[in-house]
Amino acid sequence: MSLERAKEYLESKGFGDRIIITEHSSATVAEAAEALGCEQGMIVKTLSFLQGDQSVLILAEGTARVDNQKYKARFDCKAKMIPAEQVETLIGHDIGGVCPFGIKDGVTVYLDESIKKHTVVYPAAGTNHSAVRLTVEELESCCGAEGWVDVCK
């Protein structure tokens, strides 16, 4: 169901033809880069956080790591990842396929500045065997983000 929701969303934005189904797992950054034949940094990892009762996704460059001090300065709270067993319920996609496409209503999405070092990027498309090839500008235009943040090192 996650792939179908992501595909429907991407088709509504004009990017449905960019979905790539991988033969091998793309659940981790390393696996996705190998399956897609690209650098790990070109993979967009979607990090899931809770800010009080609010679910938040931050899209970051594949090799970036969250800087807790930057996160707290930006959001005025400690970075608290959504527990693995709650991700699908709160976001609409399970771990390995979390993406900003076809997510549950009320989830807030941000893009981290780390993504800007690439021209083309590959976020997941709802499953651990999928991705979508987009330019950074296309990702920004279609992911429904609130804006850009700088919370990674």
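## Salt bridge between K70 and D150

K70 and D150 are joined through their side chains by a salt bridge, with an N to O distance of 3.2 Å. The two partners come from distant parts of the chain, K70 belonging to helix α3 (residues 68-75) and D150 to the segment after β8, 80 residues apart. The model is a predicted one. K70 is partly exposed, at a relative accessible area of 30%, and D150 is likewise partly exposed, at 43%.

The side chains of D150 and K70 also make a polar contact, at 3.2 Å. Apart from neighbours within four places in sequence, D150 is in contact with K70, D112 and E113. A further long-range relation concerns D67: the C-alpha atoms of D150 and D67 are 9.0 Å apart in space, although 83 residues separate the two in sequence.

## The other salt bridges

In total the structure holds three salt bridges. One of them pairs E138 with R18, whose closest N and O atoms are 2.7 Å apart. E138 is part of helix α5 (residues 136-142) and R18 is part of the loop between α1 (2-12) and β1 (19-21), so this pair ties together parts that lie 120 residues apart in sequence. E138 is buried, with a relative accessible area of 19%; the cut-off for that class is under 20%. R18, at 26% relative accessibility, is partly exposed.

Another salt bridge is formed by the side chains of K116 and E113, at 3.3 Å from N to O. K116 is partly exposed, with a relative accessible area of 44%. E113 is also partly exposed, at 31% relative accessibility.

## Strand β4 and its partners

Strand β4 (residues 108-112) is largely enclosed by the rest of the structure, because five of its five residues are buried. In a regular strand, side chains alternate between the two faces of the sheet. In β4, the residues T108, Y110 and D112 point one way, while V109 and L111 point the other way, and all are buried.

β4 runs parallel to β3, and four bridges join the two strands. Within this pairing, V56 stands opposite T108 of β4. β4 also pairs with strand β8 (residues 148-149) in the parallel sense, over two bridges. Here D112 of β4 stands opposite V149 of β8.

## S114 in the loop after β4

S114 is found in the loop between β4 and β5 (120-123). S114 counts as buried, at 12% relative accessibility. The side chain of S114 is joined to that of D112 by a polar contact of 2.7 Å. D112 is itself a buried residue of β4, and D112 is among the contacts of D150.

When neighbours within four places in sequence are left aside, S114 is in contact with A60, E61 and A64.

## E61, a buried acidic residue without a salt bridge

E61 is located in strand β3 (residues 54-61). Which side chain of opposite charge is nearest to the buried E61? That side chain belongs to K117, 4.3 Å away, and E61 has no salt bridge. The cut-off for a salt bridge is 4 Å, so a separation of 4.3 Å does not qualify.

The side chain of E61 does make a polar contact with the side chain of T63, at 2.6 Å. Leaving aside neighbours within four places in sequence, the contacts of E61 are G41, I43, K45, S114, I115, K117 and H118. The contact with S114 is one of those also listed for S114.

## Backbone at D76

Most residues other than glycine have a negative phi. D76 is not a glycine, yet has a positive phi of about 60 degrees. D76 lies in the loop between α3 and α4 (84-91), and is exposed, with a relative accessible area of 69%. The helix α3 that precedes this loop is the one that holds K70.

Terms used
Residues are numbered from 1 along each chain as its sequence is written. This is a predicted model: local features need pLDDT of at least 70, side-chain atom pairs count only at pLDDT 80 or more; totals for chains, interfaces and linings use all residues. Side-chain values use heavy atoms; hydrogens and water are left out. Buried means under 20% relative accessible area, exposed over 50%, partly exposed in between (1.4 Å probe, protein chains only). Lys and Arg count as positive and Asp and Glu as negative; His and the chain ends are not counted. A polar contact is a pair of N or O atoms within 3.5 Å; within protein, one must be able to donate a hydrogen and the other to accept it, and residues adjacent in sequence count only if both atoms are side-chain atoms. Contact means heavy atoms within 4.5 Å. Two strands pair if DSSP finds at least two bridges between them.
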